[in-house]
Amino acid sequence: MSGFEIINPGILTLVQDKGRFSYAHIGVTSSGCMDEYAYFWANKLLGNAKDCNVLEIAFPSFSIKASEDISISITGADLSLSINGKYSKPWSTYNIKKGDILKFCKSLKGVRAYLAVKGGFLLNKDFDSYSTTIKEGLGAIKGRALIKSDFLPYTPYKHNHKKVLKEKYIPSYDETLVLRVLLSYQKDEFEEKEKEKFFASEFSVSPESNRMGMKLNGEKIIPKISGIISEGIAFGSIQIPSSGQPIILLKDRQTIGGYAKIGSVLAIDCFKLSQAKNNTKIRFEEIDIKSAQEKMKDFYLDFDN
Amino acid sequence: MEIKLASVDSVIVYFENVISLDVSLKVKQYLEEIKKLEGIIDIVPSYTSILITYDIFNYSYEQFVFILENIKVNTLSSNESKIVKIPVYYGEEVALDLRSISEEKKLSISDIIDIHSSSTYRVYAIGFAPGFAYMGEVDERINMNRLENPRKAIPKNSLAIANEQTAIYPQSSPGGWNIIGRTTLEMFDKSLDNLCPVNVGDEVKFFPVSKKEFLKEGGVL
């Protein structure tokens, strides 16, 4: 069988796609690529179907060897990919030859890199999705991160026309992010001065962040209530426990929870947030639902081939 | 009923701000109506609310809210819930906290088992982990606070109580509930088409089994 042999699995390399839907009612989270912008581009550059599986690589040292020729694309974070020792920029396709060695050497920009192969990896879906959620044990490769003995099969492919994304479409992963927020849920359980503080303050990404959520350090935003009757948690929800430290809930979030939520971050901005390194500065600004939905639609329509 | 914005592609419907059988029945009936709609991505029913994620290419926020506002639920209909029967071995080697509950509540262990297994419980919510069903109400005679020091690892399939709720840990995990038994029923079973044997709104009855029956059904001590 053709595919990638694993030389070094890295610390957290996961098979992902857009996510697992229609199981939230029994507590299964949506999972999926943290950065859908990079995910969709990875497939689009190769002319793949929009929902092809990819690898989400969260830390360097991930290294693989190709057993046959294959076209790949790399998007998202710049983890200093070397192909046979030569630095290879993200947001581009590469024609990989039999025996080539790929290694992600160190973290330069962003957090998560995406690697797609022409046609996708030949794996099986688990409950309608390839996405891996470690805490649930669900996903294409036994619901866990890659290990050394794994093998990533693909159908060999030669001579793809090389594509490099235009500079203007490549995110810069700046050190300050402005996240657009829809005030929602328990917004009325926060006094006006707390809401003003929330929009006027600068926060920073805490190292205690992961695929479940991004914790923020900064001003304490205190809700009037200590908790609520547990209820469903939408992607991007900004949960604020009585300690006052906001946490933005992302792809591997719990499906229900009992903390007050001031609103939710626009999904497109959550994708940017997932590339924010520790200590990245975060500010919030309000958006209305009409513009928010227009922006989301534009985002998805751009990736329809 | 109150409908609120949750996120760019989801809304949350609140019924009443109180946990009760009546509210749970409303949640269940409304849920059945939502399932009939096109363009629904995910639904998370809970004690008093339902979060609905919808396809924004099917509906705008205003259109979706309008549809939800016009869903009629017949609050007079009777409680026709499915009853799921769950076997439990209440033996002391798996019921890690039965003895301390017995001491605190001044009840014999067999009284506690009788009280727990004679009630019918309702599934109010599923979350925390896949297949973790929050069921109530636990008889007030055995209403126990969560442990002061949560356990680092509660064995898979443990039956537990905390305040007015009871639940089964579908997988080994940390937790602070009081452990009173163990079942052989998988609450999150990847080999099943429906993954989880219960849904929000179902009723559950626990029935005691002997150690022999428990082991025969594949129970692990």
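**Two domains in chain A, and a meeting with chain B**

In this predicted model, chain A splits up into domain 1, covering 3–169, and domain 2, covering 176–301, according to the domain assignment. Going by C-alpha atoms, the centres of domain 1 of chain A and domain 2 of chain A sit 28 Å apart.

The two domains of chain A do touch: 18 residues of domain 1 are in contact with 12 residues of domain 2. On the domain 1 side, the elements that chip in with two or more residues are helix H1 (36–46), strand E5 (70–78) and strand E10 (109–117) of chain A. Of these, E10(A) hands over the largest share, three residues. As for chemical character, that side of domain 1 of chain A, where it touches domain 2 of chain A, is made up of nine polar, five nonpolar and four charged residues.

Then there is the contact between the chains. Here chain A puts in 31 residues and chain B puts in 37 residues. On the side of chain A that touches chain B, the elements giving two or more residues are strand E15 (231–232) and helix H4 (289–301) of chain A. The largest share of that side, five residues, is down to H4(A). Sorted by class, the side of chain A that touches chain B holds 16 nonpolar residues, along with 12 polar and three charged ones.

Key: Residues are numbered from 1 along each chain as its sequence is written. Chains are lettered from A and ligands numbered from 1 in the order in which they are written. This is a predicted model: local features need pLDDT of at least 70, side-chain atom pairs count only at pLDDT 80 or more; totals for chains, interfaces and linings use all residues. Two residues are in contact if their C-beta atoms, placed from the backbone, lie within 7 Å. Helices (H or I, at least four residues) and strands (E, at least two) are DSSP runs, numbered from the N terminus. Ala, Val, Leu, Ile, Met, Phe, Trp, Tyr, Cys and Pro count as nonpolar, Asp, Glu, Lys and Arg as charged, and the others, Gly among them, as polar. Domain bounds come from an automatic or database domain assignment.
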